[in-house]
Amino acid sequence: MTMVRSAEAVCVGHPNKLCDLIADTILDDILYEDPAARVAVEVMASGHRIIVTGEITSKVRPRIRESVRYALVKAGYVPWKFLVFVWTRRQSPDINAGVTRSLEARFGDDTEFALQGAGDQGTVYGYATAETPERLPLPLVLSHEICARLDKARKDGTITGIKSDGKAQVTVRYDAAGKPVAVETVVVSIQHEKIKDLDELAAEVKTLIVAPACKPYRPISADTEILVNPSGLFTVGGPKADTGLTGRKLMVDTYGGLAPHGGGAFSGKDASKVDRSGAYMARLIAKTIVDARLAHECQVAISYAIGKADPVAFTIDTLGTGEYSDEILTAAAREVFSLRPGAIIDALNLRKPGFTQYSTYGHFGHVGLRWENSFAHVNALGKAVKKHAHENNANS
């Protein structure tokens, strides 16, 4: 039996994604001067107003308005057209105490990375699939690629008369074995100037954006339905058309809704928040399992309690595709990867600025990121899996 899967992505000027960009720009600008800062910034954009709120504890004075203006320019907007309102405060001393000195440390645990507790409770998820080189679902990869090409076409003038708000959605058909076999439908909505001819725009998007974006993965065919601005005119966009909020595009940021999500946003948060750091580690574990050919598909869940260093739960689910049992893979991964927040931050180098570059086209699948560098752990995980499989056979 065949099935279809769909995923969407958005351009840099989409109102929700604009808020993510602003939040991560503020975070990066603070971390550049104070790597130990605690930041949890929320942004709302509506009309010509940008509202920044949240908690910031830092030894430097944040230059929030300057960060907002820089992000607006990067997203294709004119900064002087926006009023910026800022209401921030310091992190709660109770939360700070739990993060700075964990439950384990308060009970005398002085082992490595025992000092720092999780910044919140909750479950984070990681996912990987062998269906693409990025180890991400194909509909999401194609959607991101289309949006990235739209933004580039606007900046370099390849397509004239388009603006920075836009989105794409791709539907892919899979065969009974779960292999992607065809791109069924592509939907692209892109803001444009009033004088732009819609037929010309549709032709340009199809030939200059959609076709080259899909070609390396699964070329479009005569049967592929491509819809460009199906609602008609799209001359009013960005925050003027829709209110934007940080964290509204969680599925765009992660796995396109084709894997679970714990509900916590990434953008605007320093790495003491396990919403971000824990999710990055969960992705690394899932990707390592797939790249080690221990499973075709893998889903990792890590649950934390606020103020506690060690997770309260850790599970691996290979969705029936694993070469070993999920219990063996879970035990092996626990041996290879430290799941304490302090260890994750250290291993993935998350005190450095640079989060802004991931805030638009997803936080996963990019070459060169430590949470994508699965091959650094493949050999160690393979050895651990064999050891636990041997012990399991000896005890059975």
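## Report on the predicted chain

A polar contact of 2.6 Å links the side chain of Glu 134 to that of Tyr 217, where a polar contact is a pair of N or O atoms within 3.5 Å and, within protein, one atom must be able to donate a hydrogen and the other to accept it, residues adjacent in sequence counting only if both atoms are side-chain atoms. The model is predicted, so local features need pLDDT of at least 70 and side-chain atom pairs count only at pLDDT 80 or more, whereas totals for chains, interfaces and linings use all residues. Residues are numbered from 1 along each chain as its sequence is written, and side-chain values use heavy atoms, with hydrogens and water left out.

### The chain as a whole

The chain holds 11 helices and 11 strands, these being DSSP runs numbered from the N terminus, with H or I over at least four residues for helices and E over at least two for strands. Its radius of gyration is 22 Å, close to the 21 Å that the globule rule gives for 396 residues, so the chain is as compact as a globular protein of that length; the radius is taken over C-alpha atoms, and the rule is 2.2 Å times the number of residues to the power 0.38. Along its principal axes, the C-alpha trace spans about 70 × 55 × 25 Å. Of the 396 residues, 54% are buried, a term that means under 20% relative accessible area, with exposed meaning over 50% and partly exposed in between (1.4 Å probe, protein chains only). Among contacts between residues at least 6 apart in sequence, 73% join residues at least 24 apart, contact meaning heavy atoms within 4.5 Å.

### Four residues compared by place and accessibility

| Residue | Place | Relative accessibility |
|---|---|---|
| Glu 134 | loop between β5 (122–129) and α5 (138–156) | 18%, buried |
| Gln 191 | strand β7 (residues 180–192) | 7%, buried |
| Lys 269 | loop between α7 (250–253) and α8 (274–291) | 12%, buried |
| Ala 380 | helix α11 (residues 378–395) | 39%, partly exposed |

### Surroundings of these residues

Leaving out residues up to four places away in sequence, Glu 134 touches Val 141, Tyr 217, Arg 283, Lys 287, Gly 365 and Glu 372, and Tyr 217 is thus both a neighbour of Glu 134 and its partner in the polar contact described at the start. The C-alpha atoms of Glu 134 and Pro 216 are separated by 12 Å, although the two residues are 82 apart along the chain.

For Gln 191, a polar atom of the side chain lies 3.4 Å from the backbone oxygen of Thr 235. With the same exclusion of residues up to four places away, the residues that Gln 191 touches include Gly 161, Ser 164, Asp 165, Phe 234, Thr 235 and Gly 238.

Lys 269, once its neighbours within four places in sequence are set aside, is in contact with Leu 27, Val 39, Gly 264, Asp 275 and Arg 276.

Ala 380 and Glu 335 are 45 residues apart in sequence, and their C-alpha atoms are 9.3 Å apart in space.

### Packing of helix α9

Which residues of helix α9 (residues 326–336) are buried? They are Ile 328, Leu 329, Thr 330, Ala 332 and Ala 333, and the buried residues of α9 pack against α8, β11 (313–317) and α11.
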